[in-house]
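Dear colleague,

Please find below the structure I am handing over to you. My findings follow after it, arranged by topic.

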Amino acid sequence: MVAEKALDPGRRGIFVAPEPPVSLATVGQLLAGLNREQRRAVTHRDGPLLVVAGPGTGKTEVITRRVAWLIATRRAKPGEILALTFTDVAAQEMQARIDLLVPYGHAGAAIHTFHALGDRLVREHAFELGLPGDVRLISRAEAVVLLRDNLFALGLERYRPLGDPTRFLGALVDLFGRAKEEGIDPARLARFAALATARATDAADQDAAAALTEQAAAYGEYQSLLARHGLIDHGDQLALAARLLHERPAVRDEVVRRYRYVLVDEFQDMNRAQVDLLFALTPETRSVTVVGDLDQAIYTFRGAANDNVRRFGEAQPDLTRVLLRRNYRSRQPIVTAAKRLIDHGPRPHVADMDSTQVAARRGRRALPVRLESFATADAESDGVATGIAARIESGVAPRDVAVLARSNAEIEPLARSLN
């Protein structure tokens, strides 16, 4: 068979044979076991893609197999792929899965958390940000110590009580971190404080504006202290990286050329600073894949925005949407009960997409979900222990019983009742 020839754009009139295509067997192995919707997401060619997927529908499997498919079909070299996820554990799991799918020596895709990517960009281009090359990341505790050592430079009055001058420093560090998650720098907070002062009509408004003004001044001084000492904090990893890409077009173009394909897991849990960084990495024509669950945004207390999907759709007019509805983890009674709970809360809207799940697990009869109410926490713990004791007496092995609690504080009374 005569190999198809292609024109080499670097040499006029010279034809070179392209690399041999990947074997159909290899592609078949990558797609084996996927349902139709999963396969459509994995084999999406170019352009923005939104995969709406609930728990147990194979979100991470789609991301990892898509990375392997892009490499196997030679649509991208491993170094041209950037996969972003929410936690270090998730990044390690994704790396391990890709290593199993991709032949030895071909696994070179960049798999990072957003903070790790931001940290890398800040260190690579520290000079562009006015930072030293050996910039150091500090913890929350170190940030509190930095404020304590420079207490009188912060301009604090109400937040420096005479009895305990350092009482509010931890809360201030948390405030500055949340501001960075929302993309608010000291100058913007100061402008908002000035506007609040101008609009104050009574003593309460004036007091609130004065508090905001003091916070903004302390925030600005905190950032100055970090810069003078060559330090960054956790929030700076995102805020400075986004600022770098927005204010330095040459750097942005270099990074955009480096990563031709960008994939994002747990999109619903991203805060505004992470979304801004993603948008800076992905102009309108980029091949960016985001995977998320509209009903599973659990990090709103850390700044996660429930309008991420809407913002992404508005920024990507030629967006392709794929919905994964088959739940391979839970049986139908659990899926149905979860939907009843979810339907009581506000839900982001995605046009023409009904994310109602269908349980794919079959086999033995699934027991219904029961809700039991108790008057007190102690009564609840005793009720759980009594139910477990009855099951063990009927022949159930203790190792087959699991007790899940919402927080560590609830474990002790449960353990006491079980004892």
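**Helix packing and the largest pocket**

In this predicted model, helix α3 (residues 59–72) packs against helix α4 (residues 88–101) at an angle of about 45 degrees, and their axes lie 9 Å apart. An angle of about 45 degrees makes α3 oblique to α4. The two helices cross in a right-handed sense. On the α3 side, the contact is made by Thr60, Glu61, Ile63, Thr64, Arg65, Val67 and Ala68, while α4 contributes Met94, Arg97, Ile98 and Leu101. Sorted by class, the residues of this contact of α3 with α4 are 6 nonpolar, 2 polar and 3 charged.

A second pair is formed by helix α5 (residues 114–124) and helix α10 (residues 234–247), which pack at an angle of about 60 degrees with their axes 8 Å apart. That angle makes α5 oblique to α10. The crossing of α5 with α10 is left-handed. From α5, the residues Phe114, His115, Gly118, Asp119, Leu121 and Val122 take part; they meet His234, Asp236, Gln237, Leu238, Leu240, Ala241, Leu244 and Leu245 of α10. The contact of α5 with α10 comprises 8 nonpolar, 4 polar and 2 charged residues.

The third pair consists of helix α6 (residues 140–149) and helix α9 (residues 203–228), with an angle of about 105 degrees between them and axes 11 Å apart. Angles of 65 to 115 degrees count as roughly perpendicular, and α6 is therefore roughly perpendicular to α9. Here Ala143, Leu146 and Leu147 of α6 meet Tyr222, Leu225 and Leu226 of α9. The contact of α6 with α9 has 6 nonpolar residues, with no polar and no charged ones.

I turn now to the largest pocket. Its volume is about 2,000 Å³. The lining of this pocket has 39 residues, of which Val369, Arg370, Arg391, Ala402 and Leu404 are the closest to the centre. Which helices supply at least two residues each to the lining of the largest pocket? They are α14 (332–342), α15 (377–393) and α16 (411–418). Of these, α15 gives the most to the lining, with 8 residues. By class, the lining of the largest pocket divides into 22 nonpolar, 4 polar and 13 charged residues.

With kind regards

How values were computed:
Residues are numbered from 1 along each chain as its sequence is written. This is a predicted model: local features need pLDDT of at least 70, side-chain atom pairs count only at pLDDT 80 or more; totals for chains, interfaces and linings use all residues. Side-chain values use heavy atoms; hydrogens and water are left out. Axes are lines fitted to C-alpha atoms, for helices over the stretch in contact, and angles run from 0 to 180 degrees between N-to-C directions. Helices (H or I, at least four residues) and strands (E, at least two) are DSSP runs, numbered from the N terminus. Angles under 35 degrees count as roughly parallel, over 145 as roughly antiparallel, 65 to 115 as roughly perpendicular and the rest as oblique. A crossing is left-handed if the near helix is turned anticlockwise from the far one by less than a right angle, and right-handed if clockwise. Contact means heavy atoms within 4.5 Å. Ala, Val, Leu, Ile, Met, Phe, Trp, Tyr, Cys and Pro count as nonpolar, Asp, Glu, Lys and Arg as charged, and the others, Gly among them, as polar. On a 1 Å grid over the protein atoms alone, a cavity is a set of points where a 1.4 Å probe fits but cannot get out, and a pocket is an open set with protein on both sides within 12 Å along at least five of seven lines; lining residues have an atom within 4 Å of a point. Grid points are joined across faces, edges and corners, and a volume is the space filled by probe spheres set on the points.
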